[in-house]
Amino acid sequence: HFDRHGFGQPILVDDYRGMGLVVPPVTWTIADIEKHVGSDLTLDVIDVSRQRDFKMTMRQWTEYYNSPVPKRVFNVISLEFSRTPLSQYVMAPDCVRELDWLNLYWPESPEDSFYVRPAVQKYCLMSVANSYTDFHVDFGGTSVWYHIVRGEKVFYLVSPTPRNLAAFERWAKLPSSSEIFFGEMADRCYRCHLKAGQTLFIPTGWIHAVLTPVDSLVFGGNFLHKYNMGLQLKIYDVEQRLQMPNRFRHPSYETLHWFAAQHFLEDVKGCYESNEPVPSYLMNGMKDLADTLQLWAKTDGPNAREHRNQVPDSIVPNLLIRDIHRVLKTQQNQASPNKSNKQNPIKLTIPKSLTHGLAETSLDSDPLTLKKKKSTPPVKLKSANGKISGNPEKSEHQRITLKLSMKGSAPSIVHSSSTFGEEAAPTRTFPGSDDYVYAGDDYDDDDDPLPPPPGARRSRDQVWEPNLEA
């Protein structure tokens with residue numbers, strides 16, 4: 001599906017059976033979560049009314065969640081548990097595991113990477129009724145899978161068009177952003193109501209807010225993939241401009257992209273060797289990726305040291321970037337082996353002795369003009385006894401260039417000279433001055449044509465009438 005249609009729209013699945021998704025049963029409580037992650041685990045908790053976060057232990061959260069007395073609205077949306085015993089009870093859908101760069105490209109052996117594998121693949125979200133998460137874009141342009149085990153969620157979704165992203169960036173910088181509903185600033189805001197048992201896939205860059213009508217338990221995860229590489233990098237740039245704190249950003253983001261680029265290069269080379277077509281989304285993504293890697297590899301600039309520190313030791317940046325550009329150039333040459341006819345007139349070089357017969361040949365379209373090659377000296381024309389004569393070179397192999405113009409109407413037949421000193425032979429000229437391409441014009445030719453003879457037309461609003469010296 002993604003190969004044919006891409007992944008640019010949210011996908012809602014009513015029945016998760018058959019997707020390969022594994023989650024705990026609906027009977028699980030917050031106490032069960034505490035049992036498998038540990039009572040002393042520190043959580044980032046959001047105070048919904050202030051949209052600010054603070055710390056709380058898992059034990060304290062369980063007590064708060066189960067308290068029967070009225071309480072302030074707190075929300076937990078960032079409990080990543082992939083390194084806890086809870087991880088064995090949750091498995092992402094098959095499609096996610098097959099696309100996730102961490103599964104595909106991050107080294108399995110710790111010796112292959114100085115950096116710790118990013119923990120972004122498994123999240124537990126525990127929300128009480130009336131919780132609200134304001135508009136945001138998931139870190140690094142990651143896509144999201146989101147499954148409701150118990151409760152309900154209402155999503156407000158805005159597509160990542162350039163206009164909406166620019167508006168979001170302006171909104172995020174406002175001191176009063178929490179008092180403004182961003183959906184009213186976007187060109188369109190969609191509402192999606194999720195209930196228990198449903199699964200939502202949110203693509204790269206979608207701006208969204210989430211309302212929790214009732215107490216809810218949700219499992220989900222974030223992942224980078226190959227279908228939206230350009231937009232993923234664009235969201236990363238937005239985060240940098242907004243100066244997002246590191247704890248709200250994708251860990252080892254640039255390192256993961258270096259690993260992915262290395263594998264993409266090998267994939268494309270494999271396509272060439274097996275004569276298989278390279279998908280357009282992959283080539284476009286590699287171009288965006290190569291441009292960004294080139295910026296990250298610079299040795300100067302305000303963040304040069306930070307960028308360089310994220311380059312894996314096993315990768316030589318400049319060599320990898322060079323190889324990617326070579327692959328892109330090869331693909332471009334294969335995609336367009338010939339230049340456009342509209343930009344590059346066809347030129348045929350023929351012996352002069354054949355021009356008389358060719359000049360009488362009928363062409364149904366595309367007027368033509370005969371021009372001498374640059375190496376041929378200009379010929380002075382003189383009028384004698386009503387005939388056109390001259391002093392051409394005597395070589396039998398004198399050559400001229402035949403230029404086909406790509407615009408204009410069919411030429412008319414008049415009499416001119418193709419063999420000096422003889423009866424005039426028919427050749428072709430043009431009924432309208434705008435259709436005429438004369439020797440003084442250079443229409444993307446590699447050879448500079450000879451200048452027009454004295455008196456030749458030098459602008460398109462003049463009638464071209466060559467002067468004949470007596």
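# A guided tour, starting at two packed helices

Begin by selecting helix α7 (residues 229–241) and helix α8 (residues 253–273), whose axes come within 13 Å and cross at roughly 160°. Here an axis is a line fitted to C-alpha atoms, for helices over the stretch in contact, and angles run from 0 to 180 degrees between N-to-C directions. Helices (H or I, at least four residues) and strands (E, at least two) are DSSP runs, numbered from the N terminus.

Before you go on, a word on what you are viewing: this is a predicted model, in which local features need pLDDT of at least 70 and side-chain atom pairs count only at pLDDT 80 or more, while totals for chains, interfaces and linings use all residues. Residues are numbered from 1 along each chain as its sequence is written, and side-chain values use heavy atoms, with hydrogens and water left out.

**Stop 1: α7 against α8**

The two helices, α7 and α8, are therefore roughly antiparallel to each other. (Angles under 35 degrees count as roughly parallel, over 145 as roughly antiparallel, 65 to 115 as roughly perpendicular and the rest as oblique.) Their crossing is left-handed; that is the name when the near helix is turned anticlockwise from the far one by less than a right angle, and right-handed is the name if clockwise.

Now show side chains. On α7, pick M229, Q232, L233, Y236 and Q240; on α8, pick Y253, E254, H257 and F264, which they meet. By class, this contact of α7 with α8 has five nonpolar, three polar and one charged residues. Contact means heavy atoms within 4.5 Å. For the classes, Ala, Val, Leu, Ile, Met, Phe, Trp, Tyr, Cys and Pro count as nonpolar, Asp, Glu, Lys and Arg as charged, and the others, Gly among them, as polar.

**Stop 2: along α8 and off its end**

Follow α8 from end to end: its 21 residues reach 31 Å from first C-alpha to last, close to the 30 Å expected at 1.5 Å a residue. The expected span is 1.5 Å times one less than the number of residues.

After α8 comes N275, in the loop between α8 and α9 (280–296). Its phi is near 55°, a positive value in a residue other than glycine. Is N275 buried or exposed? N275 counts as exposed, at 71% relative accessibility. Buried means under 20% relative accessible area, exposed over 50%, and partly exposed in between (1.4 Å probe, protein chains only).

**Stop 3: the other partner of α7**

Keep α7 on screen and add helix α6 (residues 162–172), which packs with α7 at an angle of about 20°, the axes being 11 Å apart. That makes α6 roughly parallel to α7. The crossing here is right-handed. Select P162, L165 and E169 in α6, and you will find them meeting L231, K234, I235, V238 and R241 in α7. This contact has five nonpolar, no polar and three charged residues.

Within α6, the buried residues are N164, L165, A167, F168, E169 and W171. Their cover includes β6, β8 (152–158), β11 (207–212) and α7.

**Stop 4: D134 in β6**

Next, click on D134, found in strand β6. D134 counts as buried at 12% relative accessibility. Which residues does D134 touch, not counting those up to four places away in sequence? They are Q51, W171, S177, S178, H208 and A209. Try a distance too: the C-alpha atoms of D134 and I180 are separated by 9.8 Å, although 46 residues apart along the chain.

Leading into β6 (131–136) is the loop from β5 (123–127), and N130 sits in that loop. N130 is not a glycine, yet has a positive phi of about 75°. With a relative accessible area of 55%, N130 is exposed.

**Stop 5: α2 and α5**

Move to helix α2 (residues 30–37), where I30, I33, E34, H36 and V37 are buried. They pack against α3 (58–66), β4 (74–80), β5 and β12 (216–223). Just after α2, G38 takes a positive phi of about 105°.

Then find L102 in helix α5 (residues 101–105). L102 is buried, with a relative accessible area of 2%. Beyond its neighbours within four places in sequence, L102 is in contact with R117, P118, V120, Q121 and L256.

**Last stop: zoom out**

Color the whole protein chain by secondary structure to see twelve helices and 19 strands. Of its 470 residues, 44% count as buried. Among contacts with a separation of 6 or more, 78% come from residues 24 or more positions apart.
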